[in-house]
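Please load the model in the viewer and keep the selection tool at hand. The tour below moves from one selection to the next.

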Amino acid sequence: MNPELRELYGEILLDHGRKPRNHRAQPCPPACMVEGDNPLCGDRVRFFITIDNGSIADASFEGSGCAISIASASLATVAVRGLPVEDALARVHGFVHAMTSPDSPELPEDLAALSGVRGFPMRVKCATLAWHAMREAVESSRTHQESAR
Ligand code: ZN
């Protein structure tokens, strides 16, 4: 990675770590909340998802932990807002795969700031924590809506 790119990615992570987007609770229901933690680092996250008409109407989180975990949760909320449920789940799958697989595909541009974390297995857990919680919240919200119909 060239130095300019590494610097840019560092700035994006710092910005999301210091001023996380959508860092707030939502009332449940209608939102569905899933908690996750990463005891290795002490990261904790509560992820909130509201589905409306088959799409992610709102995504938000509360959390505490290292800058990587907060920045990644913040990026996660932005990455799925407004997407149809299936597309949101595909984004989670693609992100986790890119972060954890040895033949790592490139991260999409809006998440590329996290690519520097990939060589560090401990930090990968920090970065994927919110995404696992988000996937569970999406799936559980969808199941709840289907059973309420
Ligand atoms: Zn962490």
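The stops that follow cover a metal site and then several charged side-chain pairs. The model is predicted.

**Stop 1: the zinc ion**

Select the zinc ion together with C41, D43, C66 and C126. Which atoms of these residues serve as the protein donors of the zinc ion? They are the SG atoms of C41, C66 and C126, together with two OD entries from D43, and they lie 2.2 to 2.7 Å from the ion. Along the chain, the donors follow the spacing C-x1-D-x22-C-x59-C. Two of these residues, D43 in strand β2 and C126 in helix α4, link distant parts of the chain, being 83 residues apart.

Now colour D43 and C126 by accessibility. Are they buried or exposed? D43 has a relative accessible area of 0% and is therefore classed as buried. C126, at 1% relative accessibility, also counts as buried.

**Stop 2: strands β2 and β3**

Next, keep strand β2 (residues 43–52) in view and add strand β3 (residues 55–64). Select R46 and E62, whose side chains meet in a salt bridge with an N to O distance of 3.2 Å. R46 belongs to strand β2 and E62 to strand β3; the two are 16 residues apart, and the pair links distant parts of the chain. R46 has 32% relative accessibility, so this residue counts as partly exposed. E62 is likewise partly exposed, at 30%.

**Stop 3: helix α4**

Return to helix α4, which spans residues 121–148, and select R135 and E139. What separates these two residues along the helix? They lie 4 residues apart, about one turn of the helix. Their closest N and O atoms are 3.9 Å apart, and the pair forms a salt bridge; because the cut-off is 4 Å, this distance falls within the criterion. R135 is partly exposed, with a relative accessible area of 29%, and E139 is partly exposed at 33%.

**Stop 4: a salt-bridge network**

Finally, select D15, K19 and R21, which are linked in a network of salt bridges. Within this group, the side chains of D15 and R21 meet in a salt bridge of 2.6 Å, N to O. D15 counts as partly exposed at 25% relative accessibility, and R21 counts as partly exposed at 29%.

For further selections, how many salt bridges does a search of the whole structure find? The search finds 9, among them the pairs visited above.

Conventions
Residues numbered from 1 in each chain as written. Predicted model: local features only at pLDDT ≥ 70, side-chain atom pairs only at ≥ 80, totals over all residues. Heavy atoms only, no water. Buried < 20%, exposed > 50% of the residue type's maximum accessible area, 1.4 Å probe, protein only. Donors = N, O, S within 2.8 Å, 3.2 Å for Na, K, Ca; no water.
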